[in-house]
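Work through the exercises below with the model open. Try each task before reading its solution.

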Amino acid sequence: MSSTARIANGRTNNIPFNMPKILITGKQGQVGFELRRSLAVLGDVVAVDRTQCDLSKPEMIRAVVRQVRPDIIVNPAAYTAVDKAESERELAHAVNAVAPEVLAQEAAELNALLVHYSTDYVFDGRKSTPYVEDDAANPQSVYGQTKWAGEEAIRRHHKRHLIFRTSWVFGAHGNNFLKTILRLARERDQLKIVADQHGAPTPASLIADVTAQIISQYLRGQASAEFVYGTYHLSASGDTTWHGYAQAVLQQAMSRNIALKVKPDAIEPIPTSAYPLPAPRPENSRLNTDKLRESFGLQLPPWHQGVEHVMTLLAH
């Protein structure tokens, strides 16, 4: 099957002719999977995966964009293996830095809106309060450095962009901390979880739904001077630690009569220093979302609601 035919298979059917064409990368990822659902009502969605659009290959990216000619490009795809990136710097740079630059260049040629997702890892995590969008970036890992480079490339090449920084993403689809904790608590007799890193577990479905709401505002004629492009923080409200997050997951599991070897209160809290990893983690991953809420009139639910929702989906 030709790449053209494969890409066409990712398109939503029965869309009115005058609706915008939306290209989504990374359709099998956590956020990409949810975006296919949330954006389907807004336009003619063409969703591609790595076999159809490998973000490590600039010419492949250009060919796909020029074939689809989208009005909106949404790019949730990324190199997210944080520790592996320390030894695969070139690949991480290609996917996280070069690919967004190529997408920005192509979006500028089409005058298309570019929506891109970044991360709390662009900060060093040393601030004592939640980060705002204008705080100085100081990424401490290859992953964070390449994601920051991707942000900067977009800002250089295309004004009509939205960059959403998010944190601790999870969902019913794909691999994530919530699913790992649930599996380990069924298999092991003991769990030790880091308790000195702070952030907001953020559902992929929330990221996708907020994206859809904002794109909807863009499409309703606010793509004029009223619509504020730029960088926004997008995470669930409230915060916790990885230890607190794990406890919440297991509490939800117990309330659904899921058999566990480790109960929530038995999880041992440990410091980051007791669990060394190749890539340093930010101690503070909390993101201030005031700008997003005030700009688009959206209220972001508390993180534990997302945990409850995903646990409900997994229990069925």
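**Exercise 1.** Place threonine 146 in the secondary structure, then decide whether it is buried or exposed.

Solution. Start with the element: threonine 146 sits in helix α5, residues 142-157. Helices here are DSSP runs of H or I with at least four residues, strands are E runs of at least two, and both are numbered from the N terminus. Next, take the relative accessible area, which is 5% for threonine 146. Buried means under 20%, exposed over 50%, and partly exposed in between, with a 1.4 Å probe and protein chains only. Threonine 146 is therefore buried. Last, list its neighbours, leaving out residues up to four places away in sequence: Ala92, His93, Asn96 and Ala97. Contact means heavy atoms within 4.5 Å.

The model is predicted: local features need pLDDT of at least 70, side-chain atom pairs count only at pLDDT 80 or more, and totals for chains, interfaces and linings use all residues. Residues are numbered from 1 along each chain as its sequence is written, and side-chain values use heavy atoms, with hydrogens and water left out.

**Exercise 2.** Describe how α6 and α8 cross, and classify the residues that make the contact.

Solution. Find the helices: α6 spans residues 177-187 and α8 spans 242-255. Their axes come within 10 Å and cross at roughly 65°. The axes are lines fitted to C-alpha atoms over the stretch in contact, and angles run from 0 to 180 degrees between N-to-C directions. Now the hand: the crossing is right-handed. That is, the near helix is turned clockwise from the far one by less than a right angle; anticlockwise would be left-handed. From α6, the contact uses Phe177, Leu178, Ile181, Leu182 and Ala185. From α8 come Trp242, Tyr245, Ala246, Val249, Leu250 and Ala253. Classify them: 11 are nonpolar, none polar and none charged. Nonpolar covers Ala, Val, Leu, Ile, Met, Phe, Trp, Tyr, Cys and Pro; charged covers Asp, Glu, Lys and Arg; the others, Gly among them, are polar.

**Exercise 3.** What does glutamine 252 touch, and is it buried or exposed?

Solution. Glutamine 252 lies in α8. Its relative accessible area is 18%, so it counts as buried. Beyond residues up to four places away in sequence, glutamine 252 touches Val307, Glu308 and Met311.

**Exercise 4.** Locate tryptophan 168 and asparagine 257, and state their phi and exposure.

Solution. Recall the background: most residues other than glycine have a negative phi. Tryptophan 168 has a positive phi of about 50°. Its loop runs between β5 (161-166) and β6 (169-170). Tryptophan 168 is buried, at 9% relative accessible area. Asparagine 257 also has a positive phi, about 60°. Asparagine 257 is in the loop between α8 and β12 (268-270). At 73%, asparagine 257 is exposed.

**Exercise 5.** Check the radius of gyration of the chain against the globule rule.

Solution. The rule is 2.2 Å times the number of residues to the power 0.38, with the radius taken over C-alpha atoms. For 316 residues, a compact globule would have a radius near 20 Å; the chain has 20 Å, so the two agree. Add the box: the C-alpha atoms fill roughly 55 × 40 × 40 Å along the principal axes. Then the burial: 52% of the 316 residues count as buried. Finish with the inventory, which is 10 helices and 12 strands.
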